[in-house]
Every structure is written in structure tokens, then in C-alpha cells.
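This briefing is meant to be read alongside the sequence and the model. The points below are grouped by topic and can be followed on the structure one at a time.

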Amino acid sequence: MNILGIDFEDWYHPQLVQPYITTEKKPTMFQGMDKILELLNKNETSATFFLVGELLYDNPELLDKIIDNGHEIAFHTMHHDRLDSSNFSEKFDDELDEFDNLSDGKSKGFRAPTFSLNQNSSWLIDKLEKHHYVYDSSIVPAKSDLYGMPTAQEGPYRISQNSLDKNDINGKIIEFPLAIKKFFGKKIPAAGGFYLRSLPMKITKNTIKNYEKNNIPATFFIHSWELTPEFMPDIALPFKPNFVTFHNIKKAYSRMNELLENFDFTSFENYMETNSL
Ligand SMILES: [Zn+2]
């Protein structure tokens, strides 16, 4: 069994897009929720929605749609700030309380924007513990331009503030690292998003098969805006951010569908219950 997390955020949230926004930040992605639910429903898959909290102010119905359709809600910060951005650690307790109110206390898991959990933001884990969170999925055990912790374990482990990359038997939070692929001795991220759009499907499928063979879950992610790019406004980006954000974006939905047709995926809490974690 593998795990699917959908990072539900709006067109103005991705880190690579933020510096180039010139128009009003008006939410549009809520319009794609029904199409995403349909994709999951037809494949009989439950998923976890890591939601950027501020979206619930404009569209509180997103919470009901997620829960009523048998999925789970989790936290992706209130405004999609990187954890290592200045003063964010002081704001985070209030953000957790705010999201708890907005989501009826249903969130038990967290994912850092741009996978920005690293040595500079290890304070996160203590705060999650204090707020009774039970899992996190912010670590990519391979290096990319924007993130990555290549020393991290590949299967789920108990994470702590002093042990971000290895099991700590006293840790209270379960970390679900994102799936990676070993390629001629090098580790590359292979867990969805840009990598699902860019890597040949054969490699992505082999990645999942490899995790299944080793009896650990392949943890995958996809963004709301990748599944419903029709609600993404035209944004003029320089070459590289444009490539990373939009390359093959129209193929993301069908590729995700193909994975859901071929492999078993479920949500995080469901996985933890089934596997007594
Ligand atoms: Zn995000």
C-alpha cells in the first residue's frame, strides 16, 4: 500500500511563482476540487489533502468536501510560507491554533511548503508534538535545487527535533519521507509533482514497484493546480521557474490516474491505522 498527499494550494502559493505575481491574489483553485474528488472516487482511493489554511476563509466548503468524501485534511501552513523564512517559528503556534479552529480539529498531519524542513527549521517537530499532531511528510531523501535531505531514511520513521533524518525511538511524530529513485548510484526525487510530469512513466512505476518490493510505502504528492491547470491564470515567468511549474502540466492528471489505476494508494491516517504505526 502506498500513500497519496494532495498539496491543495492556489495559483499564487508556489515559491517559484510568488516573486512574479502582478495581479490580485484571488483564489481560483477551489473550482477544481470536484474534479480531483472524482479522480479519487473513480479509483476508489482515499487521499490526504494538505491544505493552505487561508483558503478556508474564502471557501469553507472545501473542508466538508474533503471529509464527506472519505478523505483526510492536514496542514500546509496558513499562507504557504517556507519554515525557514524569518520569524516564521514565532508565528507557527498561532497558525496551528487558527487551522485547528478552521478545520474542526481534524488535522493530525503536516507538510512544509517547498519541503523546507531542514536543520534551520527543526523547531517544527516540537511544536507539532505540542499540538498533538501524529505525522509529518516534509522530507525528501534526495537533493534537488530547492530542497532535500539525502541522508534521510527511505521508509517511515520516528522523527525528533534532534534526529530529522534517522529513527529516534523517543520521537512522537511519524515522518513519511517522499519517494525517491536510485539512478546509477545517485538518488533523485521521484514522488510526484514536477517529477511525475518530467520522468518517463516507466521510471515512476518502477520506483513504486521497488518500494512495494521492500515493503515500505511509496509516499507521493501532487499539487491541486497540477491536476486542474485550467484554473491557473497566465503568469509570465522566466525560463526556469516556468519550466519547473508548467512543464507537461496537462499530462499530470492522466499520469496520476494511470498510477491510481495500477497501484494501491491511501491516505496517511488510514495507512497508520492499517499498519499499526
Ligand atoms: Zn505547497
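T245 is buried, with a relative accessible area of 2%, in a structure that is a predicted model. The residue sits in helix α9, which spans residues 239-246, and a polar atom of the T245 side chain lies 2.6 Å from the backbone oxygen of P241. Once neighbours within four places in sequence are set aside, the contacts of T245 are L16, V17, R197, W225, M232 and L237.

**Aromatic pairs and cluster**

- In the whole structure, 22 aromatic pairs are found.
- The rings of F50 and Y135 make an edge-to-face pair, because their planes stand at 80° with the centres 6.5 Å apart.
- This pair joins distant parts of the chain, since F50 belongs to strand β2 and Y135 to strand β5 (residues 135-136), 85 residues apart; F50 is buried at 0% relative accessibility, and Y135 is likewise buried at 0%.
- A stacked pair is formed by F239 and F243, with 6.1 Å from centre to centre and 20° between the planes; both residues lie in helix α9, four residues apart, which is about one turn of the helix.
- Of these two, F239 counts as exposed at 67% relative accessibility, whereas F243 is partly exposed at 33%.
- One aromatic cluster is made up of F75, F88, F92, F99, F110 and W123.

**Nonpolar cores**

- The largest nonpolar core contains 79 residues, and those with the most contacts inside it are L4, F49, F92, F110, L124, M256 and L259.
- Leaving out residues up to four places away in sequence, L124 touches L83, F92, F110, L117 and D136.
- Another core, of nine residues, lies apart from the largest one and includes F50, I174, Y271 and M272.
- In soluble globular proteins, nonpolar side chains tend to be buried together.

**Helix α1**

- The buried residues of α1 are M33, I36, L37, L39 and L40; seen down the helix axis, they fall within an arc of 155°, so they line one face of the helix.
- The face turned away from that buried side carries the exposed residues E38 and N41.
- Packing against the buried residues of α1 are β1, β2, α3, α8 (224-227) and α10 (252-262).
- After α1 comes E44, which has a positive phi near 50°.

**Helix α3**

- Within α3 (residues 61-68), L62, L63 and I66 are buried; they lie on the same side of the helix because they cover an arc of only 100° around its axis.
- The elements that cover these buried residues include β1 (2-8), α1 (33-42), β2 (48-51), α2 (55-58), β3 (72-75) and α4 (88-102).
- Just after α3, G70 adopts a positive phi of about 85°.

**Zinc site**

- The zinc ion has as its protein donors E9 through OE, H76 through NE2 and H80 through NE2, at 2.0 to 2.1 Å from the ion.
- Along the chain, the donors follow the spacing E-x66-H-x3-H.
- Both histidine donors fall below the 20% limit for buried residues, so H76, with a relative accessible area of 1%, is buried, and H80, at 6% relative accessibility, counts as buried too.

Notes
Residues are numbered from 1 along each chain as its sequence is written. This is a predicted model: local features need pLDDT of at least 70, side-chain atom pairs count only at pLDDT 80 or more; totals for chains, interfaces and linings use all residues. Side-chain values use heavy atoms; hydrogens and water are left out. Buried means under 20% relative accessible area, exposed over 50%, partly exposed in between (1.4 Å probe, protein chains only). Helices (H or I, at least four residues) and strands (E, at least two) are DSSP runs, numbered from the N terminus. The arc is that of the directions from the helix axis to the C-beta atoms. Contact means heavy atoms within 4.5 Å. Donors are N, O and S atoms within 2.8 Å of the metal (3.2 Å for Na, K and Ca); water is not among the atoms, so sites may look incomplete. A nonpolar core is a set of buried Ala, Val, Leu, Ile, Met, Phe, Trp, Tyr and Cys residues joined through side-chain atoms within 4.5 Å. A polar contact is a pair of N or O atoms within 3.5 Å; within protein, one must be able to donate a hydrogen and the other to accept it, and residues adjacent in sequence count only if both atoms are side-chain atoms. Rings of Phe, Tyr and Trp (its six-membered ring) pair if their centres lie within 6.5 Å; planes under 30 degrees apart count as stacked, over 60 as edge-to-face and the rest as tilted.
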